[in-house]
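Me: I have not looked at this structure before. Please take me through it and give the reasoning behind each term.

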Amino acid sequence: MSELILFGRPLPALPPASTLPDWQQADPRWMASALQIALGRSGGGWFVVDERRRFGVEASKSPPRRYCIDDREFVIWHGPNGLMAAPDACPHMGASLAAGCVRQGRLKCPWHGMELGDKPQGAWRPLPLHDDGVLVWVRLDDAGEAPTERPFLPLRPDRYIDAVVRLEARCRPEDLLANRLDPWHGVHYHPHTFRRLRVVERRDDEITVRVAFAVLGRLAVEVDARFHCPDPRTIVMTIVAGDGAGSVVETHATPIDDTRCAVIEATLATSDRPQMKYVLPLARWARPWLERRASRLWIEDVAYAERRRVVLDAQSRAASG
Ligand code: FES
Ligand SMILES: [Fe+2]
């Protein structure tokens, strides 16, 4: 590790690191307990659907889109005052409304032309939707959580470059959270991205690490990053010290059905350096680079989460005889 060339803001000194190998420091009991705390929280019924950018800005260029959340199909479209969400099945005979079109903010069914907007039609009615500018959320009031007016958004920086990736995985949301509650795997499983990592502080429900992110060759930037779960489907990494302090990576796990879920991860990168004002206009070029890095990690972490699900399912089958 001595060959690393570190740059960036100096970080507070730490006591000597543990000499135990990482596999002995990685504590499955702590991970399981932190995960249970997260799963015991409420998400207010809110589920992240997708990145905001995917829906475009102009209704005329953005057809309705269909999503499946927790085994239910929804359609999202541009209404007269912003994005709207509703069940995808037409209340007349069940056509998929996502296959229809939008006329002056109203959904037009492709089968017989019924037009639907903000008024209920029988059991069909629009759902609460929240557009936070980076992500789009819908609220499912039958999800078993006391509904809240807004999702519990983690603290975000005032100015940032955002990048969002979306992948699907054959596992449950908790498997994706469990992956991120195990920082010890970072250097071993993602050596292309993490050059050095040690746990700085561990509380019941959050963990802070000092991690060196690879930049180029032996060049790496070292920061302190904290992971915590504000709701049962989200884990947030916040840079708490070093360059980029205040940047966040929000990882949202949205169930699709019993066996699949979506990982929707938003990176909001910031810096208090004066040069940030020159970087912000370059967002469209920086974004693909951020997205490539996030996708590369998540391709590997999806494999981790899917493997965890296979192992746990096998254990519970064995236990039930
Ligand atoms: S199925 Fe939609 S109008 Fe008939
Ligand atoms: Fe990972």
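Reply: This is a predicted model. The protein has six helices and 17 strands.

Me: What makes the protein as compact as a globular protein of that length?

Reply: The radius of gyration is 22 Å, and the globule rule gives 20 Å for 321 residues. The two values are close, so the protein counts as being as compact as a globular protein of that length. Along the principal axes, the C-alpha atoms fill a box of roughly 70 × 60 × 30 Å.

Me: How many of the residues count as buried?

Reply: Of the 321 residues, 35% do. The test for a buried residue is 20 or more other C-beta atoms within 10 Å of its own.

Me: Why is Asp70 called partly exposed?

Reply: Asp70 has 16 other C-beta atoms within 10 Å. A buried residue needs 20 or more and an exposed one has 12 or fewer, so a count in between is called partly exposed. Asp70 therefore falls in that middle class.

Me: Where does Asp70 lie, and what is it in contact with beyond its neighbours in sequence?

Reply: Asp70 sits in the loop between strand E3 (65–69) and E4. Leaving aside neighbours within four places in sequence, Asp70 is in contact with Leu140, Ala143 and Pro255. Contact here requires C-beta atoms within 7 Å. As for Arg293, 223 residues away along the chain, its C-alpha atom is separated from that of Asp70 by 28 Å.

Me: How do you know that E4 and E5 pair?

Reply: Pairing takes at least two bridges. Six bridges join strand E4 (residues 72–79) to strand E5 (residues 82–87), so the condition is met. The two strands run antiparallel, and Gly79 stands opposite Gly82 in E5. E4 and E5 form a hairpin, with two residues between them.

Me: What are the bounds of the domains?

Reply: Domain 1 covers 5–43 + 152–319, and domain 2 covers 46–139. Their centres, taken over C-alpha atoms, are 31 Å apart. The contact takes 14 residues from domain 1 and 12 residues from domain 2.

Me: Which strands each supply at least two residues of the side of domain 1 that touches domain 2?

Reply: They are strand E11 (161–169), strand E16 (248–255) and strand E17 (261–269). By class, that side of domain 1 has seven nonpolar, three polar and four charged residues.

Me: How much of the contact in the protein joins residues 24 or more positions apart?

Reply: Such pairs account for 60% of the contacts with a separation of 6 or more.

Notes:
Residues are numbered from 1 along each chain as its sequence is written. Chains are lettered from A and ligands numbered from 1 in the order in which they are written. This is a predicted model: local features need pLDDT of at least 70, side-chain atom pairs count only at pLDDT 80 or more; totals for chains, interfaces and linings use all residues. Helices (H or I, at least four residues) and strands (E, at least two) are DSSP runs, numbered from the N terminus. Domain bounds come from an automatic or database domain assignment. Two residues are in contact if their C-beta atoms, placed from the backbone, lie within 7 Å. Ala, Val, Leu, Ile, Met, Phe, Trp, Tyr, Cys and Pro count as nonpolar, Asp, Glu, Lys and Arg as charged, and the others, Gly among them, as polar. The radius of gyration is taken over C-alpha atoms; the globule rule is 2.2 Å times the number of residues to the power 0.38.
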